[in-house]
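Subject: Structure handover

Hi,

Here is the structure I promised to pass on. Please open it next to this email, and my notes follow below.

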Amino acid sequence: MTAKIISGTEIRKQILEEIAAEVKEIKEKHGVIPGLVTILVGENPASISYVTLKIKTANSLGFHEVQDSQSPDISEEDLLALIDKYNNDDSIHGILVQLPLPKHIDEKKVLNAIDPDKDVDGFHPVNVGRLMIGGDEVKFPPCTPAGIQEMIVRTGVETSGAEVVVVGRSNIVGKPIANMMLQKGPGANSTVTIVHTRTKDLAAHCKRADILIVAAGVPGLVKPEWIKPGACVIDVGVNRVGEKPSAKDPGRMVAILRGDVDFDAAKEIAGSITPVPGGVGPMTITMLMKNTLRALKMSAGIA
Ligand code: NAD
């Protein structure tokens with residue numbers, strides 16, 4: 001059996017079309033549009049490329065997009081004052097601070113200063129708590145886990161009663177996706193196990209999984225024989241394993257990316273599987289846009 005390939009690129013396209021249509025409708029009916037500010041401190045090349053992609057996506061959806069670039073020397077006090085300014089700006093519904101921040105700034109303090117109702121990344125302790133409670137309490141599910149859940153649901157995989165095994169217990173992927181899948185409600189209702197570096201028999205747990213979500217950051221960690229025939233496999237891992245000449249511009253070298261699962265062998269056993277790249281990767285910014293639209297709807301009282 002060859003697995004159905006779950007294309008994040010395709011699902012992203014569908015979701016962005018849905019968001020653009022909703023933005024247009026809200027603008028016509030209520031005269032408001034989502035506002036997103038991206039705060040970039042310094043000139044880290046990876047951060048610049050992430051922020052550029054976020055801005056491009058927001059603009060393509062008709063958002064009000066503010067790019068606020070600050071010098072790497074900005075003081076913590078001035079950065080906190082900037083956050084406060086956007087917390088009080090009614091045209092801004094989502095505030096995004098691109099990490100990492102320079103060493104002299106306390107990242108936690110800055111992220112905790114964001115109004116939880118504008119925290120579209122979903123990392124503020126208030127939003128982590130809301131996610132834990134579940135149901136209507138949830139305002140902004142963190143973007144990568146939200147993307148994973150959306151992929152599972154849109155692939156038509158049954159989650160209710162399913163054995164979900166999550167490999168990895170990070171705060172940005174493992175813990176939140178495990179928490180989301182066990183909640184009562186559509187796209188969830190699963191029986192969830194989290195495994196990690198101290199787990200005694202990783203293989204035995206993975207073999208039980210109807211839905212296997214792997215976010216360890218270890219290339220090829222999950223062996224094909226650990227996959228239950230027909231399982232849905234979501235490979236979150238993005239690992240640089242080398243370089244190759246770019247297909248578009250052979251003079252330029254680009255990273256060779258591999259996931260945490262041996263894709264070629266696993267696709268012969270799984271029922272559905274995400275590739276790397278082109279799987280979970282494209283979903284994160286997409287869900288950030290969805291959260292920003294949700295923030296606008298919350299602030300404008302639009303159902
Ligand atoms: P992390 O390093 O914070 O956490 C990794 C987790 O995996 C840890 O809890 C650790 O206990 C577990 N782990 C590591 N090695 C293990 C092993 N040998 N056996 C069992 N468990 C093991 O990483 P993260 O931030 O959660 O990211 C995980 C991977 O997902 C990385 O490759 C990262 O690049 C990728 N990622 C992708 C996206 C995206 O595509 N949008 C977003 C976030 C993270």
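Which side chain has an N or O atom 2.7 Å from a nitrogen atom of the ligand? That side chain belongs to T284. Please keep in mind that this is a predicted model.

**Ligand site**

The protein buries 70% of the ligand's surface, where the ligand taken alone exposes 860 Å². Two backbone contacts go with the one from T284. A polar backbone atom of R169 sits 2.8 Å from an oxygen atom of the ligand. At T197, a polar backbone atom is 3.4 Å from a nitrogen atom of the ligand.

The ligand has 20 residues around it. R169, S170, G217, V238 and T284 come nearest. By class, the shell holds nine nonpolar residues, 10 polar and one charged.

**Second largest pocket**

Next, a pocket to look at. The second largest one has a volume of about 520 Å³. It is lined by 22 residues, and those closest to its centre are V138, P141, Q149, M180 and P186. Two helices, α6 (143–154) and α10 (283–300), each supply at least two residues of this lining. The lining of the second largest pocket divides into nine nonpolar, seven polar and six charged residues.

**Cavity**

How many cavities of 30 Å³ or more does the count give? The count comes to one. About 60 Å³ of space lies in the largest cavity. Its lining consists of I95, L96, V97, L111, I114, D119, D121, F123 and H124. Strand β4 (residues 94–97) gives the largest share of that lining, with three residues. Six of the lining residues are nonpolar, one is polar and two are charged.

**Sheet**

Now the strands. Six of them form an open sheet with parallel pairing. Their order is β1-β11-β8-β7-β5-β6. Which strands stand at the edges? They are β1 (4–5) and β6 (191–195). Each has a single partner strand, so one side of each is left without a neighbour in the sheet.

Within the sheet, β7 (residues 211–214) and β8 (residues 232–235) run parallel and are joined by four bridges. For a place to start looking, L212 stands opposite V233 in β8. In general, strands of a sheet pair through backbone hydrogen bonds, either parallel or antiparallel.

**Backbone points to check**

Three places in loops deserve a look on screen.

- L99 to P100: this peptide bond is cis, with omega near 0 degrees. P100 is in the loop between β4 and α4 (107–112).
- V276 to P277: a cis peptide bond joins these two as well, and omega is about 0 degrees. P277 lies in the loop between β11 (272–273) and α10.
- N189: phi is near 60 degrees, a positive value in a residue other than glycine. N189 is in the loop between α7 (174–182) and β6.

Some elements turn up under two headings. Helix α10 supplies residues to the lining of the second largest pocket, and the loop with P277 runs between β11 and α10. Strand β4 contributes to the cavity lining, and the loop with P100 lies between β4 and α4. Edge strand β6 follows the same pattern, as the loop with N189 lies between α7 and β6.

That is the handover. Send questions back whenever you like.

Best wishes

Note on methods
Residues are numbered from 1 along each chain as its sequence is written. This is a predicted model: local features need pLDDT of at least 70, side-chain atom pairs count only at pLDDT 80 or more; totals for chains, interfaces and linings use all residues. Side-chain values use heavy atoms; hydrogens and water are left out. A residue is near a molecule or strand if one of its heavy atoms lies within 4 Å of it. A polar contact is a pair of N or O atoms within 3.5 Å; within protein, one must be able to donate a hydrogen and the other to accept it, and residues adjacent in sequence count only if both atoms are side-chain atoms. Accessible areas come from the Shrake-Rupley method with a 1.4 Å probe; for residues, only the protein chains shown count as cover. Ala, Val, Leu, Ile, Met, Phe, Trp, Tyr, Cys and Pro count as nonpolar, Asp, Glu, Lys and Arg as charged, and the others, Gly among them, as polar. On a 1 Å grid over the protein atoms alone, a cavity is a set of points where a 1.4 Å probe fits but cannot get out, and a pocket is an open set with protein on both sides within 12 Å along at least five of seven lines; lining residues have an atom within 4 Å of a point. Grid points are joined across faces, edges and corners, and a volume is the space filled by probe spheres set on the points. Two strands pair if DSSP finds at least two bridges between them.
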